[in-house]
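The exercises below are meant to be worked through with the sequence and the structure side by side. Try each task before reading the solution that follows.

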Amino acid sequence: MISNFITMNGYGLYVWLSFSVVFISCAVVYFRTKRTLEKYEQEFLTELQALTIEEKNKALEASKVVQQILATSSKVN
Amino acid sequence: MFKFFSFSNIYPLIQKLIKFINSIFFLILAIGLTFALVLSPPDYLQGDAVRIMYVHVPSAWIGLACFSVITLLSVLNFIFKIKNFFFINKSIAPIGLLFTCLAIITGSLWGQPTWGTWWAWDARLTSMIVLMLFYVIYILTFKLLNKEELIIKVSSIVAIIGSINLPIIKYSVEWWSTLHQPASIKITGSSSIHSEMMLPLMVMLLVFLLYAALIFLMKYKTEIIRIKKKNFKRK
């Protein structure tokens with residue numbers, strides 16, 4: 001039964017290759033996307049920290065999104 | 001209505017959706033793979049090669065759906081000038097390209113045991129290659145052009161021209177004599193696929209949709225952070 005599952009009655013090469021190509025490609029894209037997101041979050045935090053307290057407060061007051069990014073990025077890192 | 005699409009409304013939603021998809025994804029993936037590789041029956045003609053359908057068909061559908069969304073949002077952006085639609089499109093395009101390429105590759109792997117050839121320049125296959133090229137051109141506009149206004153204009157034009165290819169892909173198997181089989185699943189009318197194969201196909205479609213949504217949300221979130229970061233520099 002297991003050998004049937006692996007060989008897929010002679011179509012194993014095509015079936016397993018198809019599933020492998022799909023899942024490996026999807027995994028590569030997922031990890032690359034995640035790495036880019038983390039890189040941008042890190043750069044965002046670094047730039048925010050480089051601002052003076054006055055500038056930082058101004059940026060936080062001006063944008064709700066900045067507050068949200070700061071909150072979620074702090075959790076991630 | 002379009003105020004809903006502001007970053008401040010969308011950003012908290014993105015975070016919640018990413019968490020939700022991450023929490024259910026692997027469970028649904030395990031169910032989908034069990035159905036696709038173990039529980040679903042082999043086809044009476046194609047044997048176990050039919051299992052390739054469970055990755056090929058959802059890939060092709062998502063590749064087409066992504067370009068349809070890109071076209072729709074490009075048209076809306078032209079009319080209503082909502083910049084956010086451009087950022088959504090920018091995040092969708094790589095997903096569409098990925099799934100179009102996967103549909104072509106898995107289609108080729110399915111073609112060898114069923115048609116006896118890896119590739120044929122028939123209408124369906126060629127129109128899918130054209131779709132892939134439009135995705136490549138669309139993505140290249142972001143990489144090669146500098147001014148944002150110009151990028152929005154050129155990419156929208158590429159999307160609208162490329163959308164002409166969408167009905168060609170859909171109806172190619174009816175308009176021309178092709179190696180590719182006609183549609184087995186129809187939204188209107190009865191489908192010619194058995195429920196024992198339909199269920200795994202739908203579960204795998206859900207898996208692929210969740211994955212596509214996850215990548216989209218991560219890319220869109222990156223895009224929002226990039227814009228906000230750029231605003232710091234301006235100040």
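**Exercise 1: A helix and its span**

Task: work out how the end-to-end reach of helix 3 of chain B compares with the span expected at 1.5 Å a residue.

Solution: In this predicted model, helix 3 of chain B covers residues 83-115, which gives it 33 residues. From its first C-alpha to its last, this helix reaches 46 Å, which is close to the 48 Å expected. Next, look along the helix for a bend: there is one of about 25° at B:I92, and the proline B:P94 follows within four residues. Finally, look just past the end of the helix, where B:G116 follows with a positive phi, near 85°.

**Exercise 2: The fold of each chain**

Task: describe the secondary structure of chain B and of chain A, and decide for each whether the globule rule fits its radius of gyration.

Solution: Begin with chain B, which has seven helices and zero strands, arranged along the sequence as α-α-α-α-α-α-α. The radius of gyration of chain B is 20 Å and the globule rule gives 18 Å for 235 residues; the two values are close, so chain B is as compact as a globular protein of that length. The C-alpha trace of chain B spans about 65 × 40 × 30 Å along its principal axes, and 38% of its residues are buried. As for contacts in chain B between residues at least 6 apart in sequence, 76% of them join residues at least 24 apart.

Now turn to chain A, which has four helices and zero strands. Its radius of gyration is 23 Å, well over the 11 Å from the globule rule for 77 residues, so chain A is more spread out than a compact globule. Its C-alpha trace spans about 70 × 20 × 15 Å along the principal axes, and buried residues account for 18% of the chain.

**Exercise 3: Where the chains meet**

Task: find how helix 2 of chain A is oriented relative to helix 3 of chain B, and which helix of chain B gives the most to the side that touches chain A.

Solution: First compare the axes of helix 2 of chain A (residues 12-50) and helix 3 of chain B, which come within 9 Å and cross at roughly 170°. Angles over 145 degrees count as roughly antiparallel, so helix 2 of chain A is roughly antiparallel to helix 3 of chain B. Residues making this contact include A:L17, A:V21 and A:V29 from chain A, and B:L98, B:I105 and B:W110 from chain B.

Then widen the view to the whole interface, in which 33 residues of chain B are in contact with 31 residues of chain A. Helix 1, helix 2, helix 3 and helix 7 of chain B each supply at least two residues to this side, and helix 7 gives the most, with 12 residues.

**Exercise 4: A loop residue and a packed helix**

Task: decide whether B:L45 is buried or exposed, and then list helices against which the buried residues of helix 4 of chain B pack.

Solution: B:L45 lies in the loop between helix 1 and helix 2 of chain B. A residue is exposed if 12 or fewer other C-beta atoms lie within 10 Å of its own, and B:L45, with 8 such neighbours, therefore counts as exposed. Its C-alpha is separated by 8.9 Å from that of B:T114, 69 residues apart along the chain.

Helix 4 of chain B, residues 123-144, has buried residues, among them B:L125, B:M128, B:F134 and B:Y138. The buried residues of this helix pack against helix 2, helix 3, helix 5 and helix 6 of chain B.

Notes:
Residues are numbered from 1 along each chain as its sequence is written. Chains are lettered from A and ligands numbered from 1 in the order in which they are written. This is a predicted model: local features need pLDDT of at least 70, side-chain atom pairs count only at pLDDT 80 or more; totals for chains, interfaces and linings use all residues. The radius of gyration is taken over C-alpha atoms; the globule rule is 2.2 Å times the number of residues to the power 0.38. A residue is buried if 20 or more other C-beta atoms lie within 10 Å of its own, exposed if 12 or fewer, and partly exposed in between; C-beta atoms are placed from the backbone. Two residues are in contact if their C-beta atoms, placed from the backbone, lie within 7 Å. The expected span of a helix is 1.5 Å times one less than its number of residues. The bend at a residue is the angle between axes fitted to the seven residues ending there and the seven starting there. Axes are lines fitted to C-alpha atoms, for helices over the stretch in contact, and angles run from 0 to 180 degrees between N-to-C directions. Angles under 35 degrees count as roughly parallel, over 145 as roughly antiparallel, 65 to 115 as roughly perpendicular and the rest as oblique.
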